[in-house]
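Please read this report with the sequence and the three-dimensional view side by side, and look up each residue as it is named.

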Amino acid sequence: RDLICIQSMDGMLMVFEQESYAFGRFLPGSLLPGPLAYSSRTDSFITVSSCRQVESYKYQVLAFATDADKRQETEQQKLGSGKRLVVDWTLNIGEQALDICIVSFNQSASSVFVLGERNFFCLKDNGQIRFMKKLDCSPSCFLPYCSVSEGTINTLIGNHNHMLHIYQDVTLKWATQLPHIPVSVRVGCLHDLKGVIVTLSDDGHLQCSYLGTDPSFFQAPKVESRELHYEELDIELKELQKIIKDVNKSQGIWPMTEREDDLKVSAMVSPKFDSVSQAADVEVGTDLVPSVTVKVTLQNRLALQKAKLSVYVQPPLVLTCDQFTFEFMGIPRVIQCKFRLPLKLICLPGQPSKTASHKLTIDTNKSPVSLLSLFPGFANQSEDDQVNVMGFRFLGGSRVTLLASKTSQRYRIQSEQFEDLWLITNELIIRLQEYFEKQGIKDFACSFSGSMPLQEYFELIDHHFELRINGEKLEELLSERAVQFRAIQRRLLTRFKDKTPAPLQHLDTLLDGTYKQVIALADAVEENQDSLFQSFTRLKSATHLVILLIGLWQKLSTDQIAILEAAFLPLQQDTQELGWEETVDAAISHLLKTCLSKSSKEQALNLSSQLNIPKDTSRLKKHITLLCDRLAKGGRLCLSTDAAAPQTMVMPGGCTTIPESDLEERSIEQDSTELFTNHKHLIVETPLPEVSPLQGVSE
């Protein structure tokens with residue numbers, strides 16, 4: 001006959017004989033069901049209760065105890081009816097169990113294996129510990145099986161680090177990497193292939209694998225110790241460093257490939273917008289959000305079995321699909337392809353504004369060009385003066401005005417939002433360069449001689465940092481309320497399970513109030529994250545503008561601008577664990593202590609290897625101003641520490657030096673009020689634009 005035991009969620013064991021219900025028993029003190037196993041040798045059921053202890057119940061005791069379906073009305077009648085369910089033996093393991101397995105490879109003895117959250121135990125039939133092993137990683141499943149060595153048992157243990165460990169008793173014999181987290185593991189024989197390890201992942205993937213060859217236990221013999229000559233080692237080290245430096249100067253950072261690439265990637269942007277917009281949010285305010293199709297072509301010289309294509313655009317632009325995967329085997333290689341999107345994707349023609357809070361002037365060495373020829377798609381037929389003035393309006397309402405001087409070789413960009421200046425400024429410079437290249441003029445150049453708008457930039461940094469601090473405080477408060485909510489739940493659960501009813505003492509009211517606080521705090525955290533995302537997008541736009549102005553101001557090369565971009569824009573996403581402020585501060589500090597250092601003493605200073613959120617932004621703002629000061633005094637950005645001799649250059653009036661010593665600080669203390677006199681009108685709580693500019697767009 002077949003007997004079936006089923007454990008319910010309330011801790012009840014129901015025994016069926018064939019298809020007939022035999023009896024049901026409630027395990028004493030059961031709160032949540034744990035793993036359950038049957039030992040045929042001792043005829044008992046073994047489980048792990050909510051008290052974190054292993055319990056064994058004899059089948060005979062279960063059969064003659066009080067039936068769970070025949071409870072009496074009163075407590076006295078309940079205690080007097082039938083026999084009391086008594087546990088055979090218990091063992092406190094101090095943690096919740098994930099699984100129980102009973103193995104018996106000989107008739108003389110059997111073992112009970114219990115997999116806990118941090119340990120796994122091997123017990124005898126009577127509950128005594130045979131051995132235990134503390135695990136380094138959080139386990140997910142296990143399987144004891146027969147060992148080739150007599151008297152030992154092998155155990156397969158999978159963990160959440162995609163690893164599978166093989167133990168012989170408590171000794172680790174093998175460790176292997178899995179492509180997934182196993183939730184169940186077995187050893188089987190498939191088509192006369194013995195020892196196949198079958199694992200099941202949490203998403204339903206089944207994998208059959210084997211361990212391969214035996215590991216090599218060869219240990220290299222110890223070499224004879226010899227006396228070290230530190231002077232000779234120093235000479236050899238200097239020679240090697242010189243060779244490495246010469247190779248970097250001659251070949252650059254990346255090795256040049258002489259042969260043709262196996263794969264070429266090209267992108268083509270459709271000249272027209274989609275007839276039906278594919279945008280997730282079709283409207284932003286009163287504006288319709290357009291969409292454009294980008295065709296990406298892959299040309300391969302060899303047959304590739306798999307290729308993964310990733311497309312990235314800067315926020316607030318989004319993609320309908322950003323990952324494409326084709327089958328592939330081999331060594332991973334990376335190929336990049338950049339493309340420009342139409343300017344009208346996020347910008348529309350608008351009315352020019354005569355007044356604005358923020359203004360920039362770009363100088364050129366050629367006569368001004370008609371704005372109609374530079375931006376033909378933004379021409380307004382009703383306006384006759386658009387040769388020198390043109391207005392732009394971003395999706396969401398923010399406006400930018402572009403003016404070309406009639407008498408001088410200058411262009412002015414103005415807007416109410418500082419960060420909105422970058423896109424039109426960058427687009428103007430790119431289109432001017434393309435225009436003069438078509439005319440065959442190669443000596444065209446742009447420059448910036450105005451005051452560096454660091455004060456406006458610092459206001460955006462402070463606002464972004466304030467949102468980060470607010471987010472950290474909200475998350476801490478949410479964590480406290482969640483702990484309080486769980487504690488009240490435990491109290492209420494204890495009251496409800498108590499045999500003698502007791503008053504709730506307003507615990508239900510406290511639970512409801514705490515729940516409302518948790519929901520309100522979660523909404524506040526989500527709202528702060530949205531504001532932080534918008535602030536980080538505006539900060540990146542302003543950072544692009546500052547880098548552009550520094551490059552025009554100091555006539556920086558493409559490589560030097562790339563170094564600035566790597567220092568100021570190291571992150572694509574901003575998180576509480578690793579934020580923009582501490583990352584940029586570390587990068588700028590490295591530049592100030594290497595290629596922009598004033599003495600060898602600064603180069604000898606070591607930077608902190610750990611990045612933590614700062615208390616405020618004063619240190620970061622000081623380092624940014626000091627970077628501009630060093631560049632103004634002739635500093636040169638380079639990857640090596642051997643910077644060229646400083647050259648005397650004229651520094652704009654808006655960038656005043658930061659004191660680097662007490663003597664210098666006292667000497668300029670009287671002039672400290674003259675810093676950034678032309679840029680004190682920015683308000684901290686400026687309205688947030690719904691759409692921010694994006695680098696590298698074209699009409």
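The report goes from the whole chain to two sheets, then to a loop residue and the aromatic rings.

## The chain and its confidence

The structure is a predicted model, and its protein chain has 12 helices and 32 strands. Of the 699 residues in the protein chain, 37% are buried. When contacts in the protein chain with a separation of 6 or more are considered, 59% of them join residues 24 or more positions apart.

The mean pLDDT of the protein chain is 80, and 80% of its residues reach 70 or more. Among the elements, helix H7 (residues 507-554) has the highest confidence, at 93, whereas helix H12 (residues 662-667) has the lowest, at a mean of 38. The pLDDT is below 50 over residues 253-259, a stretch that has three contacts in the model beyond near neighbours in sequence. It is also below 50 over residues 641-699, and that stretch has 129 contacts in the model beyond near neighbours in sequence. Where pLDDT is low, the predicted coordinates should not be read in detail.

## A sheet from S4 to S7

Four strands form an open sheet in the order S4-S5-S6-S7, and their pairing is antiparallel. Strand S4 (36-39) and strand S7 (89-92) are the edge strands, each of them pairing on one side only. On average, neighbouring strands of this sheet are turned by 20° against each other, with direction ignored.

The edge strand S4 is joined to strand S5 (residues 44-48) by four bridges in the antiparallel sense. Within this pairing, Leu36 has Thr47 in S5 as its bridge partner, and Ala37 stands opposite Ile46 in S5. S4 and S5 also form a hairpin, with four residues between them, and Asp43 in the turn has a positive phi of about 55°.

Which residues of S4 are on its covered face, and which are on its uncovered one? The covered face holds Ala37 and Ser39, while the uncovered face holds Leu36 and Tyr38. In a regular strand the side chains alternate between the two faces of the sheet.

## A sheet from S12 to S15 and the loop before it

Another open sheet of four strands has the order S12-S13-S14-S15, again with antiparallel pairing. S12 and strand S15 (171-177) are at the edges and have a single partner strand each, so one side of each is left without a neighbour in the sheet. From one strand to the next, the twist averages 20°. Seven bridges link S12 with strand S13 (residues 153-159) in the antiparallel sense, and in S13 the bridge partner of Pro139 is Asn159.

Ser138 belongs to the loop between strand S11 (129-134) and strand S12 (139-146). Its relative accessible area is 41%, and Ser138 is therefore partly exposed. Which residues does Ser138 contact, leaving aside its neighbours within four places in sequence? They are Glu117, Asn159 and His160. Although Ser138 and Asn159 are 21 residues apart along the chain, their C-alpha atoms are separated by 5.5 Å.

## Aromatic rings

The structure holds 14 aromatic pairs, and two of them, Phe16 with Tyr21 and Phe375 with Phe378, are set out in the table below.

| Pair | Centre to centre | Angle between planes | Arrangement |
|---|---|---|---|
| Phe16 and Tyr21 | 5.5 Å | 65° | edge-to-face |
| Phe375 and Phe378 | 6.4 Å | 80° | edge-to-face |

Planes over 60 degrees apart count as edge-to-face, and the planes of Phe16 and Tyr21 are at 65°, so this pair is given that name. Are the residues of these pairs buried or partly exposed? Phe16 has a relative accessible area of 21% and is partly exposed; Tyr21, at 35% relative accessibility, also counts as partly exposed. Because buried means under 20% relative accessible area, the value of 21% puts Phe16 outside that class. Phe375 and Phe378, by contrast, are both buried.

Phe378 has a further partner, as Lys344 lies over the face of its ring, at 5.7 Å from the ring centre. Elsewhere, Phe23, Tyr38, Phe45 and Tyr59 form one aromatic cluster. Tyr38 in this cluster is also one of the residues on the uncovered face of S4.

Notes: Residues are numbered from 1 along each chain as its sequence is written. Side-chain values use heavy atoms; hydrogens and water are left out. Two strands pair if DSSP finds at least two bridges between them. Helices (H or I, at least four residues) and strands (E, at least two) are DSSP runs, numbered from the N terminus. Axes are lines fitted to C-alpha atoms, for helices over the stretch in contact, and angles run from 0 to 180 degrees between N-to-C directions. Rings of Phe, Tyr and Trp (its six-membered ring) pair if their centres lie within 6.5 Å; planes under 30 degrees apart count as stacked, over 60 as edge-to-face and the rest as tilted. Buried means under 20% relative accessible area, exposed over 50%, partly exposed in between (1.4 Å probe, protein chains only). A charge sits over a ring if NZ of Lys or CZ of Arg is within 6 Å of the ring centre and within 35 degrees of the ring normal. pLDDT is the predictor's confidence in each residue, from 0 to 100. Contact means heavy atoms within 4.5 Å.
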